[in-house]
Amino acid sequence: MSPKYQPPKRQRGVILSVQGWQRLKAAQRKSAFQDNGGKPYTLEQLSERTHLSPNTLIKVRRRIIPVDRKTLISYFSAFDLTLNPKDYTKADGKLSDYEQVPLKSPVPLNSPFYIERLPIESLCHETLVKPGSSIQIVAPKQMGKTSLMTRILQQARAEGFQTILLNLQLAESAIVCDLNRFLQWFCAVVTRGLDLPHQVPTYWDDIYGGNANSTYYFETYLLPKLGNPLVLALDNADVLCNYPEIAREFFSLLQTWGEKASYGDRCSQMWQNLRLVIANSTEIYAMSGVNSIEFTAELSIRLPELTGEQVQDLVIRHGFNWHPQQIQQLYQFLGGHSYLIQLTLNAIKTENIPIDQFLATVTAKADIYREHLHQLLEHLHQDLELMSALIQLVNSSTPVEFEPILTRRLQNLGLVQVDQGKVRLRCQLYHHYFRDRLYTTLNDTKIRPLIYRRVGTAHQP
């Protein structure tokens with residue numbers, strides 16, 4: 001008996017290339033701006049437009065599981081694009097899950113695990129194409145600032161701009177503590193980034209001071225060499241807040257450079273070619289007496305945490321097929337902290353256990369969260385006012401209203417969420433951890449009276 005005829009299966013063997021994904025995202029952003037009131041399309045809207053199921057769309061966008069070319073053609077044609085061979089690659093040689101999951105920031109440019117914070121990416125691109133523009137990105141550590149910054153620079157390069165990413169943590173303390181030396185270092189590093197000969201000593205005369213010398217160096221030597229606009233990105237700018245005088249002078253200087261682009265004199269056009277992107281963590285602003293960076297950018301972004309829908313998207317990209325209740329469990333446990341969620345999903349995949357079992361057995365002492373939690377605890381131990389506020393939050397079953405300045409300091413640490421002026425801890429992980437650790441603190445006879453003097457006697461055991 002001859003075997004029953006089986007129709008050939010569709011060949012699902014391609015994934016979007018980085019170029020293809022960039023083309024598709026750009027077309028999708030443009031369409032959303034024109035046809036959707038500027039709001040990003042939801043999965044349901046994309047499904048209706050492309051005639052592809054939400055699950056198929058997620059597979060295409062996460063760029064791990066291969067699909068067939070017809071699927072990509074449908075997606076591209078929905079946004080008036082023609083699929084070409086450079087828009088996709090064969091799925092052969094796909095990286096292992098371990099290599100793909102980003103456990104350290106920033107998330108690589110070609111990673112399928114980067115979650116777009118639309119419309120933030122679009123706003124950044126629209127801002128950077130303007131002459132002399134500037135962007136400031138602020139958020140607590142490990143919330144995705146550098147990942148966003150690298151994608152801003154990638155888009156700038158696609159526009160033909162030159163880019164330099166300078167991590168200010170590279171400046172040693174012996175350099176940062178002296179303004180003149182720091183500005184010489186800054187000019188030299190930018191010169192190296194442009195592959196130009198080092199000429200700082202030639203243009204530097206101590207009689208004029210560091211601000212005037214660095215301005216003259218940019219205006220006379222660096223900017224005239226630019227064929228295209230330069231996007232200068234400064235990461236970890238908050239490190240300068242440890243040196244308040246240096247920070248004040250430096251960011252005032254950058255502010256002046258931005259203003260020079262609009263003076264209308266012979267040098268303005270050169271300054272218009274300089275675009276700035278500044279990213280800084282907010283934890284240091286939580287400390288009493290420390291001021292935020294004094295810089296007014298054209299576009300200022302406080303990077304939000306992931307939404308519930310974005311967390312669901314990330315879960316699916318990691319290959320999990322969870323019920324909505326399980327995703328909600330994860331969201332309640334960690335909030336929308338992208339790094340902690342990536343860390344947790346990787347641990348669950350590594351241990352190969354269900355999410356319910358993981359959350360039932362994991363404690364605040366878990367090694368995967370240890371470094372992150374210890375850093376937060378160290379900040380609290382440095383400031384009794386913050387410690388007192390955390391004790392109130394841990395002991396309260398309802399949100400607490402603090403003075404606005406204290407609320408902002410707690411936000412800068414990334415510890416809380418604020419709704420209509422009232423504060424609650426960001427997630428269950430923080431509640432479990434600080435409940436145990438602050439109980440130990442309350443038993444310290446030296447600092448217990450100081451804390452209760454601030455909190456009051458209502459919560460004393």
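User: In this predicted model, which residue does the side chain of K130 meet in a salt bridge?
Analyst: Side chains of opposite charge can pair when their charged atoms come close. The model is predicted, and in it the N to O distance for the K130 pair is 3.5 Å. A salt bridge requires the nitrogen and the carboxyl oxygen to be within 4 Å. The partner of K130 is E298.

User: How many residues apart are K130 and E298?
Analyst: K130 sits in the loop between α6 and β3, and E298 in the loop between β6 and β7 (299-302). The pair thus links distant parts of the chain. The separation is 168 residues.

User: Is K130 buried, partly exposed or exposed?
Analyst: Buried means under 20% relative accessible area and exposed means over 50%. K130 has a relative accessible area of 40%, so the class in between applies. E298, with 44%, is partly exposed. K130 is likewise partly exposed.

User: Which helix holds R49, which pairs with D35?
Analyst: The side chains of R49 and D35 meet in a salt bridge at 3.9 Å, N to O. This pair links distant parts of the chain, 14 residues apart, with D35 in helix α1. R49 lies in helix α2 (residues 43-50).

User: Is D35 buried or exposed?
Analyst: The cut-off for exposed is over 50% relative accessible area. R49, at 30%, is partly exposed. D35 has 52% relative accessibility, so D35 counts as exposed.

User: With which residue does D436 form a salt bridge?
Analyst: The closest N and O atoms of the pair are 3.6 Å apart. D436 is partly exposed at 37% relative accessibility. The partner, partly exposed at 39%, is R435.

User: How many salt bridges does the count come to?
Analyst: The cut-off is a distance within 4 Å between nitrogen and oxygen. Among the residues involved, K25, R29 and E116 are linked in a network. The count comes to twelve.

User: Why is helix α7 described as largely enclosed by the rest of the structure?
Analyst: Helix α7 covers residues 145-158 and reaches 20 Å from its first C-alpha to its last, close to the 20 Å expected. Its buried residues include K145, M149, R151 and A156. What covers the buried residues includes α1 (18-35), α6 (120-128) and β3 (134-139). The helix is largely enclosed because the buried residues number twelve of the 14.

User: Which residue just after α7 takes a positive phi?
Analyst: Helix α7 spans residues 145-158. Just after it, a phi of about 90° is found. The residue is G160.

User: Which element supplies the largest share of the lining of the largest cavity?
Analyst: The largest cavity has a volume of about 110 Å³. Of the 13 residues that line it, the closest to its centre are W21, K25, S111, Y114 and R151. α1 and α7 each supply at least two residues of this lining. The largest share, three residues, comes from α1.

User: How many residues of the lining of the largest cavity are charged?
Analyst: The lining divides by class into four nonpolar and three polar residues, with the rest charged. The charged residues number six.

User: What is the volume of the second largest cavity?
Analyst: A search of the whole structure finds two cavities of 30 Å³ or more. The lining of the second largest includes P140, E283, H337 and Y430. By class, this lining has four nonpolar, three polar and three charged residues. The volume is about 30 Å³.

How values were computed
Residues numbered from 1 in each chain as written. Predicted model: local features only at pLDDT ≥ 70, side-chain atom pairs only at ≥ 80, totals over all residues. Heavy atoms only, no water. Helix = DSSP H or I, 4+ residues; strand = E, 2+ residues; numbered from the N terminus. Expected span 1.5 Å × (residues − 1). Buried < 20%, exposed > 50% of the residue type's maximum accessible area, 1.4 Å probe, protein only. Contact = heavy atoms within 4.5 Å. 1 Å grid on protein atoms, 1.4 Å probe; cavity = no way out; pocket = protein on both sides within 12 Å on 5 of 7 lines; lining within 4 Å. Points joined across faces, edges and corners; volume = space filled by probe spheres on them. Nonpolar A, V, L, I, M, F, W, Y, C, P; charged D, E, K, R; others polar.
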